[in-house]
Every structure is written in C-alpha cells, then in structure tokens.
Amino acid sequence: MKDPLPQTIYLKDYQVSPFLVDTTDLVFDLGDEQTRVTTKLAVRRNPASTDQVASLELNSKGSVELQWVEVDGQRLDNSAFSLTHNLLILPNLPASCVISTEVSIQPQLNTSMMGLYRSRTMYCTQCEAEGFRRITYFPDRPDIMSVFTVKIIADKVSYPVLLSNGNAIERADLDDGRHTVTWHDPFKKPSHLFALVAGTLSAVEDSFTTMSGRDIPLQIFVEEKDLDKCAHAMLSLKNSMRWDEEVYGREYDLDIFMIVAVDDFNMGAMENKGLNIFNTSAVLANPKTTTDAAFLRVEGIVAHEYFHNWSGNRVNVRDWFQLSLKEGFTVFRDSQFSSDMNSPTVKRIEDVSFLRTHQFAEDGGPMSHQVQPDSYMEINNFYTVTVYEKGSEIVRMYHSLLGAETYRKGSDLYFDRHDGEAVTIEEFVSAMEDASGRDLTQFRRWYKQSGTPVLKVRSAYDATAKTFSLNVEQSCPATPGQSEKLPFLIPVKLGLVGADGADMVLDDAGQTEVVFEMTEASQQLVIENIDERPVPSLLRGLSAPVKLDYPYSAEQLAHLMANDSDGFNRWDASQALSLSVLNQLMHDSLHERPMILDGQLVEAYKALLSDTSLDPAMVALMLQLPTEALLHENTDIIHVTAIHDARSFLRTALAGCLASQLEAIYHHYNAKQAYAPNVQQMGGRSLKNTALGYLMLVDRGVELAWAQFQSADNMTDQAAALTALVNCPEASDYAAKALSQFEEQFRDEALVMNLWLQVQATNAQPNGLERVQTLMDHSAFSMSNPNKIRSLIGGFANANHINFHNPDGSGYQFLTEQILALNTVNPQVAARLVTPLTKWKKFPEPNRELMKQALQNIANKPNLVKDLQEIVSKSL
Ligand code: B3K
Ligand code: ZN
C-alpha cells in the first residue's frame, strides 16, 4: 500500500511560539556507543502569543532517546508529559521555568548528515534546517533564539580538538583520560546555527584587524595532510572580512572565527555562528590538486558563509518561508564580492549561464515555486536555485533600481533595525522602501509569482521623425498553482548601437544607457533624435531574470558581438547567434536533412579570434557553445540525440574552419609561467583549454593534449587535457594511459579522485552506463560520501545526456536504483538526484514514458522519505 502524502506546512498558518527560550545550556558526553546530551532551557511564556496556557512542544527526530525530564529541578514522572515519535509535550508549565532533559543519541550510526554525525574520524554537526532536533529535544524553529553555552566532554587522545560556537571559556582535563572544553556564544542564535566539532585536527592560523581595531584570530581546521591547501581559503576569508566592512559597513563581532573542513557533507558549507563547517571541496585549494574553477568556488563559498554572519545570523529568518531573505541576499553579496575580486563581466556571464540553465528550468518544471513559497512538505527540498539564485537576482534589481548609494542606505537600515531579530522578507522590502522613499508594492510580485517572465520586444525606426520606438510586452507562463500572473516591475537596461559600433546618445543629458522601468503588460518606449536605424542592446547584464524575445537577424547579432560596449551583451549576442544556428541544425538532424555550417557564425568567430584587444576569458566564453543542458531548457521538446548531434557537428565544423587561428592561440597561451590563480592567468588558461577542446575534433589536438597532460604543473591544465583525451574517440589509447596515470598520481587525494570519477561519468561516448557501473565498484567511489555520489551518479544523470537518456531506459533504471538505495540512508542526497527525471514531460516517447515509470517506481517504494515523496508526487 502507498504511504499517505506527508503533511503540508503553510506560510498562512504561521503563529508565534507560545514560549521563548532565553538560554540553552548543553553538555555533550561523546562516547563510542552512546553520546549523552543534557539540555537545560530557561523558558518563559511569549507575551506576543495569544495562547497563554499552551503546552510546550519540543521537537525530536531520529534516534533521540529520552532518559529523563525535569522542570525547575523536579524530575517528572511519565504521566506529567507526553511523548510522541517526534514531540515531547509538557503541559501546565508556569510563566517561566527551567526545563532539563537528558537524551542519548548514536551519531556513529547517523547516515543522514543532519544533526550530530561522524565524518571519518571526527564528530561534526549540520543543523540547518531541522537538524538540531536530531540532537536533543528543543523548540526547533528559527524564531526561537537563545544564548548557548556548550560543554563538550570527550577522550583527549582521539578528540584533542573540541569546538563549538563563540568563545572557549573553560578547559579541563578529567582523571579518566577525557577532557572538556566549554564554549559560550554571547549572541542569541537559533538552533540551526549551532555547531559542534570534535576530532584530531590541525589548524592554519592567521588574524584580521577589524575596522574598529579589534584583532580577530582566524583558524582553519583540517586533517594534517591538508594543511598545504588552506592558504587560498584564508586569503579569501580576510578579503571577505575587509570587503564586508568597506561595501556594507559590517564588522565581525565575535572574538574568534573558525572554519572546519569535513569530507562528508550534504552541501557546500554552513554558516554556524563563529564556526563555519565546510565540505572539503569548498575550502581546500592547491594549484596541483585544484582547478581554477574550484579556486573561484572556494573564494565564493568562504565569502558566502562569512557574509551570512550579518545576513542570516545577526539578522535571522522568522520561518523557513523566508529562506531567500538570507540566501538570496547573501548570494547577491557574494556575487558582488567575486565580481570585485575578479572580472565582473566573466562573473556575470557565469551567474547568468547558471541561472538560465538551472533556475529557468526549475521555473518551467513541476517543482516551480515562488522565491517566497506558500507551502512545503520538506523544507530541505526548498534550498533551490529559485530561492538562492532568483532570490539574488531580486536583490540585484533593488541595487539597479535604487542605485548603489540608496541600496546601501536600505541595507544599513535593515541591519540596524533588525539586529538580533528573526524577520520576514517583508521587513527587507520595507527597509528598501523607507530608505529610498519608493513604493515597492508592484516589485513585491517577484517574491510571490513563480515562473520566468518573457519580455517580447519589437522595434520600429522612423527615419523622418528620427525616432526609434520599442514596443515591449511582458508575460509569464502558468506555473503549478498559478495560472494568471500580474505584470512585474522589470528594469530593462538598454543602449542603442550604431552602424559604427558606438553607443548612441539617448537623451539631452548625453546618456548612452538607460534603465527603462517596465510596469505594464505592454508599453512603448520612444527614443528621439536617432539619426540612423540602431541595433538595440537590450537587458544589458541581464538586468532582470527574464527571457528576451527580440527578432535579431544574424547580422545584428554579429554586430553586437563585435561592438557592444556591454561585455555581457557581447557574449549574449554570441550565445543567441550560436543558439539560432544550433536550432536550425537540430531541426535538420531531426528531419534527417544534411547539416550545413552557417557562414555568418564562422565569420563572427573569425573576427572574434582576430580581435587582440579582447580579454581572453571573454573570448573563451564566447567560443563555448551553449551546453546541451541549456539547449534542453531552451526547447519545448527535448530531442536528446538531435541536440547532441547538432552541437557535435557545429563544434567539429567550427574547429575545421578556425583550426589555424585556434592553434596559434593555443601556443600563445601555453607559454610557461609560474602558476597563480589570478584573473589574468585564469583567462589565458581558459582560452587555451577551450582552443584545445576544439583542436581535438580536427586531429590537431591529440598530441597537444597528451603533451599538456604530461607536463602540466597545475590541475586546471592537467584536468582539461584529461577531459579532452577521454572525450576523443581517436585518442582511446592515450585516454586509458592518462586515466591510469592520473589515478596513480592522485589516489590519496579524495577531491582529485572525485574529478577523475566525474570526467569519466560525463564521457559522452557510447556505453556510458557500463563505465559508470564499473566505477561504482572502484575504491575511489563510496555510496556514503555525497561528493562521490554527486561526481559519479550526479555527473552521469545531469551531464551525460546522450548516455543517461538511452532510449532503452537503462539510465533511468540505474538512477532509480541508486535513489532508492539512498532513500532512508541520506534523504537529502537522494532527493537531489531525482531532478533529471522530473523533466519527463519535455521528452518524446519512448523516454517520456520510461522516465515517468521511473518516478512511479520511486513513488511505489514503501517507507519513502518525505523528501522524495514531495518531489515525486509533485512531478507525476
Ligand atoms: N545555509 C546553508 C544551507 C543549509 C542547507 C540545508 N539543507 C548553507 C548556505 O546557504 O550558506
Ligand atoms: Zn547561504
């Protein structure tokens, strides 16, 4: 029999907690068999609650076993409270009292990686969203904020380092070989920001002097073997601390800041107060083992978690429907930081590519939801690209609508007003309104209407009146639960590019770029004194998270590609031009017509490659054709093979036409220099390796790739060469040699071996599934490590489309088996793996039915966790 659907939680049902918790005192006695946790909560009735006789409800989950409970020191007998499988209910409490409990838990058996669990030799925690209830009985909701004091007791030899939030206030050795450390965090915090770590860890130490002159020790704790991989994270941390002071006026508050790296972690990292816990993949970096992309990821995640200290910790969320209040805001803050540290245009292109590929796809599928959802079944399913990335786009729009200065006034007001509170998205909007004096009523729709709006723009040039008019219409497709949408406030940043390639003057003030604020379903913008028909450069920098529909000709796109003063739109024109070519090729492939290379695109690329004034990073990005994943998002019906064949054809044909230019570029940027992860070098490596990818297709690359693989002194070049060889049908001998050499060289480097798994998982040559299945038995793989699952199984299902979507259904069956194997073991990782199957409605038969069947098979599993039940039931 099918399990009933889990309960849905609604935003409209939010009620303040009947009790507040002023202080939380915890004692952890860590043992191999049992861990004992005693909890002392100073509680009082909440004056804001309308129910002053309510019982106190404390949450639990998993293997929390209650030993006893006391009220004001009096042990309660079993009739004085009730215990359900996940609640301890205490009736008839006085106005204020101290509740004490003791529980036993078994972190060594906890595979969910929520609550207290073990990663290799250490204990660590992850409490957001609802992990704290796996540790002890507690009112586990973000609006309960209290001052924590935490005493940890553990064996001194196995766990010499004992960490929690705040400052260490007491250390002592016990007679029996154990020791204790007590931590006190002076800032009130919600339970999801609690952290504990115990293990044998080594630390890299540094310090930072804050704007008010306080010296803050900084520590990054890792296993000893990884001490040589912390310098980049430390530098990123110091840069983040300085940047947040300079750009947002935010100073660090505690007396110490710590980061701990753990191997087994469900996501990138977690912003626990003063004690951030990181996935090793998001903190460790060293040129020999880490690619440029991973260096940038480390910098961005270190910054993101640090920035949460204000946007999330000092000002917290009232309930989980407000998640984007901290996540969207913090993603925007980290993207501003990464732009300032590196190339703003490159960063914007990467962010928009990610948004279009993943968030637009989510918004167009069955899991489409608002940035502030109305309901959820399992909150962990809502840590999504919509909440994070679209949420960040919304904050970005405040920045562009209000201007940097007023935006800063708004953020200052928000932080000052709500310091120490748990608030809602509405409070953020109000702060922006009050700081700017603007009415943002219509703008609020961005939070409550799901779906990706489409901006349809048509233009007309009147040579006699010398006017250029833009007729703009906005619409937003129906999404689950929302058939009709009201118009959004859409900032459309635009310029007009003349025949000479220069931006035209748009108004009397001499501006060459304006932000047109679209508020109606349909509007007209007339620009006067325009002497010739321009090419409009629309939505510069993607000024709003919308899709643009404008009938550009290939000539116009080539013109923008060569001339647009907005670097982002220059790249976007290259994407639009190649996209239109790919669409035609796809069509030809589908109808078994010969595919023919478009001359305009070749000419545009030739011009691009001859323009020596361009940033190599930009040239690389413009040369990279839209990915198959983006093509899937961009089409109504996903013809996997036609898409794959069209893209392969175009890459090969371009490689043939551009070979000598690409070869010259390759050699130019292959000049030896000492590796540094800086913008300039990264751009050169990116272009060189993009050129290598093309040269592999025309017989010119294999020897180059093999030589590069052998001589590389850094992981960016070595991994690019390995990927090139593995994906090249003519290089199978070299590929096999490179794979085994790589394995030999890096068998002790878990993160590098994950890359090794991923390169093979995404190899698009035939028999992909067999290769993945073989790798499942390799010692570098483990079903209990989320990074390895993401690299091998996730890599295959999300990025090896031609193999995963094999029309015999074998890819779907394989994925279903892995999801079900993870069902109760690690629900969060299992739920993330379902995403590719949720898109079944966009596929033609037989894939459509096979994908649907796979979802059905998951749905039919008895004891399906609610994480999976929610996604599967909403997708079917
Ligand atoms: N706030 C955490 C995410 C927690 C995810 C829980 N499933 C990391 C971050 O966004 O910084
Ligand atoms: Zn975050």
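The exercises below concern a sheet and a helix pair in a predicted model.

**Exercise 1.** Determine which strands stand at the edges of the open sheet of β28, β27 and β30.

Solution.
- Step 1. The order of the three strands is β28-β27-β30, and the pairing is antiparallel.
- Step 2. β28 (514-518) and β30 (535-537) each have a single partner strand, so both stand at the edges, with one side of each left without a neighbour in the sheet.
- Step 3. As for geometry, neighbouring strands of this sheet are turned by 40 degrees against each other on average, direction ignored.

**Exercise 2.** Describe how strand β27 pairs with β28, and state which helix lies across β27 and β30.

Solution.
- Step 1. Five bridges join β27 (residues 490-497) to β28 in the antiparallel sense.
- Step 2. Within this pairing, Phe516 in β28 is the residue opposite Val492.
- Step 3. The helix lying across β27 and β30 is α9 (residues 554-563), which runs at about 55 degrees to β30.

**Exercise 3.** Classify the crossing of helices α6 and α7 by angle and by hand, then characterise the residues of their contact.

Solution.
- Step 1. The axes of α6 (residues 404-418) and α7 (residues 425-436) come within 8 Å and cross at roughly 130 degrees.
- Step 2. Angles of 65 to 115 degrees count as roughly perpendicular and those over 145 as roughly antiparallel; α6 is therefore oblique to α7.
- Step 3. The hand of the crossing is right-handed.
- Step 4. On the α6 side the contact includes Tyr407, Leu413, Tyr414 and Arg417, and on the α7 side Phe428, Ala431, Met432 and Asp434 are among the residues met.
- Step 5. By class, the contact residues are seven nonpolar, six polar and four charged.

How values were computed: Residues numbered from 1 in each chain as written. Chains lettered and ligands numbered in written order. Predicted model: local features only at pLDDT ≥ 70, side-chain atom pairs only at ≥ 80, totals over all residues. Heavy atoms only, no water. Pairing = 2+ DSSP bridges. Helix = DSSP H or I, 4+ residues; strand = E, 2+ residues; numbered from the N terminus. Axes fitted to C-alpha atoms, helices over the stretch in contact; angles between N-to-C directions. Contact = heavy atoms within 4.5 Å. Parallel < 35°, antiparallel > 145°, perpendicular 65-115°, else oblique. Left-handed = near helix turned anticlockwise from the far one by under 90°. Nonpolar A, V, L, I, M, F, W, Y, C, P; charged D, E, K, R; others polar.
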